[in-house]
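Thanks for coming, everyone. I'll walk through one chain today, going from the overall picture to single residues.

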Amino acid sequence: MRFLLITCIFGFSALVAMPPAAAQIEIPSEAPGEITDPEPVIEAPEGIPDDADIQERLEGIFDQIPELSQISIDVTEGVVTLSGEIADTADADRAEAISARVTGVVTVENRLERTLDVEDNVAPVMERIEKGFYALVKSLPLFGIALGIVIFFWILGGFLARRKGFWRWAAPNIFLAELFAASMRFLFVIAGIFIALDLLGATAVMGALLGSAGVIGLAIGFAVRDTVDNYVSSIMLSIRQPFRANDHVMIGEHEGRIIRLTSRATILMTLDGNHLRIPNSTVFKAEILNYSRNPERRFDFDLGIDADDDPAKAIAQGLEALRAHDFILEDPGASARIENVGDSNILIKFIGWVDQRESDFYKARSAAIRAVKNVLEEAGFGLPEPIYRLRFDGRSDPLEIARSAGNRDDGAQQETEAAQKKIVKPKAAAAMDVTKDTDIEEKVAEERAQSAEDDILDDESPIE
């Protein structure tokens with residue numbers, strides 16, 4: 001229903017804006033092979049004229065035209081010779097054209113010269129200016145009516161554009177509502193201008209405006225193609241919104257929470273608390289990872305045990321430690337697998353799921369790593385350290401070095417053994433805090449409440 005109503009309104013506006021002269025153009029039909037003479041021949045009164053008839057005919061015609069009345073005409077064997085002085089070269093061309101159209105004229109010799117007399121040159125100009133001034137004064141009421149039409153359509157378009165409640169009801173979101181309103185204002189203004197020009201009889205001006213508008217529009221389109229691309233991307237993002245306000249997203253290489261979507265850019269608050277504006281054309285083409293769409297999020301980490309230990313027992317102990325924490329979800333449940341077997345260790349990957357609405361992802365992962373590590377160490381599993389193999393050159397005997405190390409004084413060895421006996425296994429530490437960190441979310445909410453910048457995001461719009 002809304003779409004039908006919008007279509008009817010814009011169709012009416014386009015019909016009003018259409019130049020009336022465009023519907024009145026008729027193309028004359030011609031028979032195949034027929035050649036049409038654009039300038040009809042001026043026939044003589046009776047029969048085939050002789051030179052005297054041609055001269056008499058031309059003199060009669062020129063006497064009726066004040067600008068051509070001073071021209072001398074001589075006709076010999078159908079050749080018309082025009083001579084004398086004339087103020088305007090256009091009048092000379094006009095006299096030649098008229099002479100060539102008379103029946104019996106073979107050719108025209110134009111020997112007219114332009115006079116440099118001040119009076120002859122100034123008088124026609126002043127006469128034209130005077131006629132133009134009187135014509136302008138006479139047409140002032142018509143100009144007033146044309147101006148009134150333009151103003152009326154301007155006011156009418158503005159009145160319709162200001163009906164924000166209607167446009168927001170008719171459009172999917174506020175951005176398209178403003179676009180429809182601006183388009184309606186523009187169409188009515190153009191319609192008023194076209195009607196005014198047609199009233200003034202300036203149909204040629206309308207054609208020139210349409211032609212120049214097409215050329216200028218094409219040139220501007222190439223010049224601002226990036227701006228147009230960004231604008232179209234804004235329209236597409238406003239129709240099918242890939243995120244909501246305060247969603248935690250990754251747009252390309254940028255991570256943060258959505259503050260707002262404007263007609264030009266998407267504004268993020270990074271995890272460092274900084275504002276980041278990304279052009280909508282970049283957002284529309286980028287890969288968007290939305291962490292907030294599904295609150296359940298998986299984390300994983302790797303732990304290595306000694307190559308001599310049983311990985312199955314280590315997996316069982318680690319999963320028991322993971323499942324003992326409330327922030328680890330039961331569905332999907334925690335799991336583990338052997339990731340790799342190296343020269344000195346067995347690498348195990350532990351996997352768990354958390355609810356991001358209740359627990360902070362990074363805190364939960366950190367607590368899970370700590371819990372599994374402590375349990376494996378308490379169970380006697382060795383978490384191997386890096387092993388380096390040393391190579392000695394021929395000047396040093398490794399066996400001799402080993403013997404000298406074994407012959408240390410007994411007092412030093414006793415002190416080392418006593419120190420080793422004092423080592424006590426660490427007790428289980430207190431539970432770590434995994435509550436959700438809402439600092440960035442609160443900053444985004446505060447920013448949205450304080451800023452007056454328009455936001456295209458709408459919870460009622462479709463979301464991809």
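One term first: a contact means heavy atoms within 4.5 Å. Among contacts in this chain between residues at least 6 apart in sequence, 70% join residues at least 24 apart.

Some ground rules. This is a predicted model, where local features need pLDDT of at least 70, side-chain atom pairs count only at pLDDT 80 or more, and totals for chains, interfaces and linings use all residues. Residues are numbered from 1 along each chain as its sequence is written, and side-chain values use heavy atoms, with hydrogens and water left out.

Now the overall numbers. Helices (H or I, at least four residues) and strands (E, at least two) are DSSP runs, numbered from the N terminus. The chain has 15 helices and eleven strands. How much of the chain is buried? Buried residues are 30% of the 464. Buried here means under 20% relative accessible area, exposed means over 50%, and partly exposed is in between, with a 1.4 Å probe and protein chains only. The accessible surface comes to about 30400 Å², and 56% of that belongs to carbon and sulfur atoms. Those areas come from the Shrake-Rupley method with a 1.4 Å probe; for residues, only the protein chains shown count as cover.

On to the three-stranded sheet. Two strands pair if DSSP finds at least two bridges between them. This sheet is open, its order is E1-E2-E3, and its pairing is mixed. Which strands stand at the edges? They are E1, residues 72-76, and E3, residues 107-114. Each has a single partner strand, so one side of each is left without a neighbour in the sheet. The twist averages 10° from one strand to the next. For angles, axes are lines fitted to C-alpha atoms, for helices over the stretch in contact, and the values run from 0 to 180 degrees between N-to-C directions.

Look at E2, residues 79-86. E2 and E3 pair in the parallel sense, over eight bridges. Within that pairing, Gly84 stands opposite Leu112 in E3. Helix H3, residues 89-100, packs on the sheet and touches E2 and E3. The direction of H3 makes about 160° with that of E3. Helix H2, residues 51-63, lies across E1 and E2. H2 runs at about 160° to E1.

Pick one residue in E2: Thr81. Is Thr81 buried or exposed? Thr81 is buried, because its relative accessible area is 16%. Leaving out residues up to four places away in sequence, Thr81 touches Ser72, Ile73, Asp74, Glu109 and Arg111.

Just beside that is the loop between E1 and E2, where Glu77 sits. Glu77 is not a glycine, yet its phi is positive, about 50°. At a relative accessible area of 66%, Glu77 is exposed.

Next, the five-stranded sheet. This one is open too, in the order E7-E6-E5-E4-E8, with antiparallel pairing. Its edge strands are E7 (275-279) and E8 (288-290), and each pairs on one side only. The twist averages 40° from one strand to the next. Five bridges join E6, residues 265-270, to E7 in the antiparallel sense. One pair to find: Ile267, with Arg277 as its bridge partner in E7. Helix H15, residues 439-450, lies across E5 (254-261), E6 and E7. H15 runs at about 25° to E5.

Leading into E4, there is another backbone feature. Asn246 is in the loop between helix H9 (225-239) and strand E4 (248-251). Asn246 has a phi near 75°, again positive in a residue other than glycine. Asn246 has 18% relative accessibility, so it counts as buried.

One cis bond to flag. The peptide bond from Asp331 to Pro332 is cis, with omega near 0°. Pro332 lies in the loop between helix H11 (311-323) and strand E10 (335-341).

Last, the surface. A nonpolar patch covers about 900 Å², and its residues include Phe133, Tyr134, Phe143, Ile145 and Leu200. Patch residues have over 30% relative accessible area and no salt bridge; like charges are joined within 9 Å, and nonpolar side chains (Val, Leu, Ile, Met, Phe, Trp, Tyr) within 5 Å. A salt bridge is a side-chain nitrogen of Lys or Arg within 4 Å of a carboxyl oxygen of Asp or Glu. Which helices supply at least two residues each? H4 (118-138) and H5 (140-161) do. Ile145 is in H5. With a relative accessible area of 48%, Ile145 is partly exposed.
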